[in-house]
Amino acid sequence: MQQKIAGLIGGMSWESSAHYYRLINEHVRDALGGTHSARLLLWSFDFAEIEALQRAGDWEGATARMIDAAQRLQAAGASCVVICTNTMHRMAQTVQDAIDIPLLHIADPTAVAAKAAGVKRIALLGTAFTMEQAFYRGRLEQAHGLQVIVPAAPDRAEVHRIIYDELVQGRVLAASQAFYRQVMERLVSEGAEGIILGCTEIMMLVGQADASVPVFDTTALHARAIADHLLGDQVGRPDPA
């Protein structure tokens, strides 16, 4: 049985999209062995254009671009669409409504993993849009029953700045790593039982070794869900679509 084809909407930023590509292919290779790799289509944005729309609050313009990308991937033969960034899931439902194939939402495998680990009260790190707007926290809370907390406003601002000024530009600084560790510990002191790395670049900076509670890397969890979709029942895995 041939693999399905995943359509990836990436380039937001390409730094994390490269990790998606590697992780998905590693999962497929490990499952099927030999020289197997993943069947993928990639639409990669110039992130400077998307970032400018985000900064201007032009979510309508950003949504139009995301729908266009998703429809192009569907027309090219994708069996699912994936938005390779947390922030742009702000328009996930609108994109889903504009296509006839499933959109694999990044928050779902993350929530499933958190609940499997027994976590109920979870901290969310990400861009200011992801931490402060309802589109992501709301899905975790309403669809999955998690209690979500975020850092205090000054910490949120610096977490956001590090993502845009450093990580999306491929800059990984020790001082920023130390700051994220401090933020995570503050969240644990406020009762967080786990921490979501809710921006696909954060995994470049910190991981499980940097926290005293379980860490849920959305990039890795999303990539695994994509691989499961591609493989379907080839290796006895359920098809999440």
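A residue is called buried when its relative accessible area is under 20%, and exposed when that value is over 50%. The exercises below apply this and related ideas to a predicted model.

**Exercise 1. Decide whether Arg156 is buried or exposed, and describe its surroundings.**

Step 1. Begin with the location: Arg156 belongs to helix H8, which covers residues 153-165.

Step 2. Compare its value with the cut-off: the relative accessible area of Arg156 is 18%, and the limit for a buried residue is under 20%, so Arg156 counts as buried.

Step 3. List the neighbours: leaving aside residues up to four places away in sequence, Arg156 touches Met131, Glu132, Val150 and Pro151.

Step 4. Look at Glu132 again, since its side chain and that of Arg156 are joined by a polar contact of 2.9 Å.

**Exercise 2. Work out the order of the strands in the sheet, and find which strands stand at its edges.**

Step 1. The open sheet is formed by 3 strands, arranged in the order S2-S1-S3 with parallel pairing. Strand S2 (40-44) and strand S3 (80-83) each have a single partner strand, so they stand at the edges and one side of each has no neighbour in the sheet.

Step 2. Averaged over the sheet and with direction ignored, neighbouring strands are turned by 20° against each other.

Step 3. Follow the pairings: S1 (residues 6-10) pairs with S2 in the parallel sense over 5 bridges, and Ile9 is found opposite Trp43 in S2. On the S3 side, 4 bridges join S1 to S3, again in parallel, and here Ala6 stands opposite Cys80.

Step 4. Add the helices that pack on the sheet: helix H1 (residues 14-32) touches S1, S2 and S3, and its direction makes about 175° with that of S2. Helix H10 (residues 218-231) also touches S1, S2 and S3, and its direction makes about 170° with that of S3.

**Exercise 3. Determine which residues of S3 are buried on each side, and whether Cys80 is in a disulfide or in none.**

Step 1. Recall that in a regular strand the side chains alternate between the two faces of the sheet.

Step 2. Apply this to S3, where Cys80 and Val82 are buried on one side and Val81 and Ile83 on the other, which leaves both faces covered.

Step 3. Turn to the cysteines: the structure holds 0 disulfides. The cysteine sulfur nearest to that of Cys80 belongs to Cys84 and is 9.8 Å away, whereas a disulfide needs two sulfur atoms within 2.5 Å, so this pair does not qualify.

Step 4. Check burial for both: Cys80 has a relative accessible area of 0% and is buried, and Cys84, with 1%, is buried as well.

**Exercise 4. Test whether the length of H10 agrees with its number of residues, and describe its ends and its burial.**

Step 1. H10 has 14 residues, which at 1.5 Å a residue should span 20 Å; its end C-alpha atoms are 20 Å apart, so the two values agree.

Step 2. At the N-terminal end, Asp217 acts as a cap, with a side-chain oxygen 3.0 Å from the backbone nitrogen of Thr219. After the other end comes Gly232, whose phi is positive, near 55°.

Step 3. Finally, consider burial: 11 of the 14 residues of H10 are buried, so that the helix is mostly covered. Among them are Thr218, His222, Ile226, Asp228 and Leu231.

Key. Residues are numbered from 1 along each chain as its sequence is written. This is a predicted model: local features need pLDDT of at least 70, side-chain atom pairs count only at pLDDT 80 or more; totals for chains, interfaces and linings use all residues. Side-chain values use heavy atoms; hydrogens and water are left out. Two strands pair if DSSP finds at least two bridges between them. Helices (H or I, at least four residues) and strands (E, at least two) are DSSP runs, numbered from the N terminus. Axes are lines fitted to C-alpha atoms, for helices over the stretch in contact, and angles run from 0 to 180 degrees between N-to-C directions. Contact means heavy atoms within 4.5 Å. Buried means under 20% relative accessible area, exposed over 50%, partly exposed in between (1.4 Å probe, protein chains only). A polar contact is a pair of N or O atoms within 3.5 Å; within protein, one must be able to donate a hydrogen and the other to accept it, and residues adjacent in sequence count only if both atoms are side-chain atoms. The expected span of a helix is 1.5 Å times one less than its number of residues.
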